[in-house]
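Work through the exercises below with the sequence and the 3D structure at hand. Each task is followed by a solution in steps.

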Amino acid sequence: MTPNPHHTSFSRALYELLSSMRFAISLLTILAIASIIGTVLKQNEPYVNYRVEFGEFWFGIFEPIGLFDVYHASWFLLILAFLVLSTSLCIWRHLPGVLREIKSYREKASLNSLRLMSHHVEAAQILKQNDVEQHLSRSGYRYKIRQQAEVTLIAAKKGSWQKLGYLFAHAAIVIICIGGLMDGNLPLKLLELTGQKTPEIRDIPQSQIPTGSRLQSNNLSFRGNVTLPEGGSASVVFLNAGNGYFVQELPFAIKLKKFHIEHYSTGMPKLFASDIDVLDLQSGKVIQSGTVKVNHPLIVDGVAIYQASFGDGGSGLEFVQWDLNTGKTQPLQTRSQTSQPLTLGKTQYQLEVGDLRPFNIENLGKAQTETSTMAVDQLQQAMASAQSVKGEHNLRNLGPMIQFKLRDDTGQAIEYQNYMAPFTENGASYLMTGMRREVSAPFSFTRIPMDKDYKIDTFMRLRQTLLDAGLQTEIARRTAAKARAGGGVSAQGEAQFAEVTRNVLAQFANGGLPAIDRFLSEKVPQDKRSTVAQTYLKVLQGAMIDAMDVAQDKAGLPMIAVDETQYRFLMDSLVAISQLFDYGAPTLLQLSGFDEVKASGFQLTRSPGKNVVYLGSLLLIIGVFCMFYIRENRLWIRLDQNGTLIAMSSNRKNPELDREFEHHAGQLLQTKTQESSE
């Protein structure tokens, strides 16, 4: 049986594939696409952030293919490894030929091959070999002489190192990929695949993290974060790992001595930096100190300490706790970033306090002059979005703010965002409090009007009076009496008007303005609904004045004269009372004081592959320079008894080659030469 001469073994075919240029280009294309994704999509965030941003559907597609940590994904590292293998085989495959080409002078070129070159000239003039050698030396050419019978062939070349550009460029790709594999922490990926290391998903103290989720200080590479309050120290950092995290032990401890921050006049951060000490783990002695600024890290034992962020370090907080059912208050003291039980009536809640933010810059656009309801809507939109507003910018520092959650016994939580300083607009002051039921939703803000003493006590008295069923009859009586005195109703209709007013107040007490709207939708024909709604609103507006008087009487305080400022206070109160029906919890936590503790966020990285990548980048620059800026020229001078033949070739044919050939031919033959082409 005759073997097939075209048959190729599997190993040979695999070698041809892996060392081929098309395979390497395919891998580079995939890496380029992956790098674009890794650049556009923020990497290595907690998974909950991606769920909020993309939703469960797209999260379920992106997460299995590792798009949230592209540069450490198994498939990305595998492609890097294959690219290293492919490029190394390509170098191995072409290295002998390149070296032969660099060493070769092509001194065995035949007469016919020289005549076939586009740049050649023949002359009857017989040159002296010594003159040719001197000319070549002056021109920077290296040469080799071949004697055969009566023929002398001098083969010269210059710029042979251009061939090294190919090797440097390919070697650069290999070295850069190796650096990427080193910083990709390939050993950790292998440990995860074998089950020796697993991310921790529980929220427990780091001292209780098991060995399987801890990484030793000799870990090849890492990039982790830690936040320290002033005076605090840490000897570990945390590495995000999908749904969980790893605890990376450090070869030292860092201590935050002092955090510095400067602001612009608008309140925006201008500069922030941290004074830190690096401590020996065994003795606790300071081995290095320094100030870490943005883009100015401190390098210790190959670990770079970067200034990454700043925030709250567990500030002391003081609240006034308003019971929305009774209107009573009591003090509440706690700390930010903590959790504690809170009993409201007969219901048990868990108070989860977030970060204190002393400065809060918001773009509120133009000052609002519309009605209170419209102003509330526009302010909510401005504060819930970071997008620019068309028209005039109105950057304002709204002062200290605290976010917290109230979680009931079923695990459902409502998040709140309360400001401490009054928000002032058109001469009126408000306490801002926001609420949302979903993390992805913007905060819905309620503006609680403040009295002349910048307190909400007057509002709370008015609210309790307005919602007290026992006082609604008295409010309605006073409203009807004023209507009769003003000629609005007759003596016979006063009682009926009082009853209507009481019914409107009762409907409002069942859910605010939305409750009245529902009542009208159910009871009033559609063609009369608008007229009745306007009547109800006027009744409410009039009753608010009497409700305020009743509230002041009940508290033993003097009446408040109704001027333009007071009337606006009452109308703003009407809107705020209505919005508080959808406030969630039966309490309002008003921030009344704080003792700020600053914290600094650090990112610590060990990147042994960084210098390797720098080396590869340098080789790539050298390789590109050699390939594009070094021109390889070869020159042959054939001497025999019949005359002289001069031929020249180059790796790039351009006008420069034409001029150089004319120069050499003219210098050697000392006559005007003309190229002959065949």
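A residue is called buried under 20% relative accessible area, exposed over 50%, and partly exposed in between (1.4 Å probe, protein chains only). This is a predicted model, in which local features need pLDDT of at least 70, side-chain atom pairs count only at pLDDT 80 or more, and totals for chains, interfaces and linings use all residues. Residues are numbered from 1 along each chain as its sequence is written, and side-chain values use heavy atoms, with hydrogens and water left out.

**Exercise 1.** Classify Phe 625, Arg 106 and Ala 149 as buried, partly exposed or exposed.

Step 1. Phe 625 has 46% relative accessibility, so it is partly exposed.
Step 2. Arg 106 is also partly exposed, because its relative accessible area is 35%.
Step 3. Ala 149 reaches 79% and therefore counts as exposed.

**Exercise 2.** Locate Arg 106 and Ala 149, and state the sign of phi for Arg 106 and for Ala 149.

Step 1. Helices (H or I, at least four residues) and strands (E, at least two) are DSSP runs, numbered from the N terminus.
Step 2. Arg 106 sits in the loop between α4 (74–103) and α5 (111–115). Its phi is positive, about 55 degrees, although Arg 106 is not a glycine.
Step 3. Ala 149 belongs to the loop between β2 (142–148) and β3 (151–158). Ala 149 is not a glycine either, yet has a positive phi of about 55 degrees.

**Exercise 3.** Which strands pair with β18?

Step 1. Two strands pair if DSSP finds at least two bridges between them.
Step 2. Strand β15 (residues 347–357) pairs with β18 (residues 401–407) in the antiparallel sense, over six bridges. Within this pairing, Gln 350 has Arg 407 as its bridge partner.
Step 3. Strand β19 (residues 413–419) is antiparallel to β18 as well, over seven bridges. Here Arg 407 stands opposite Ala 413.
Step 4. β18 and β19 form a hairpin with five residues between them, and Gly 411 in the turn has a positive phi of about 95 degrees.

**Exercise 4.** How many residues does the largest nonpolar core have, and which helix gives the largest share?

Step 1. A nonpolar core is a set of buried Ala, Val, Leu, Ile, Met, Phe, Trp, Tyr and Cys residues joined through side-chain atoms within 4.5 Å.
Step 2. The largest one has 54 residues; among those with the most contacts inside it are Leu 351, Ile 402 and Leu 406.
Step 3. Helix α14 (residues 526–555) supplies the largest share, nine residues.
Step 4. A second, separate core of 30 residues includes Tyr 50 and Leu 89.
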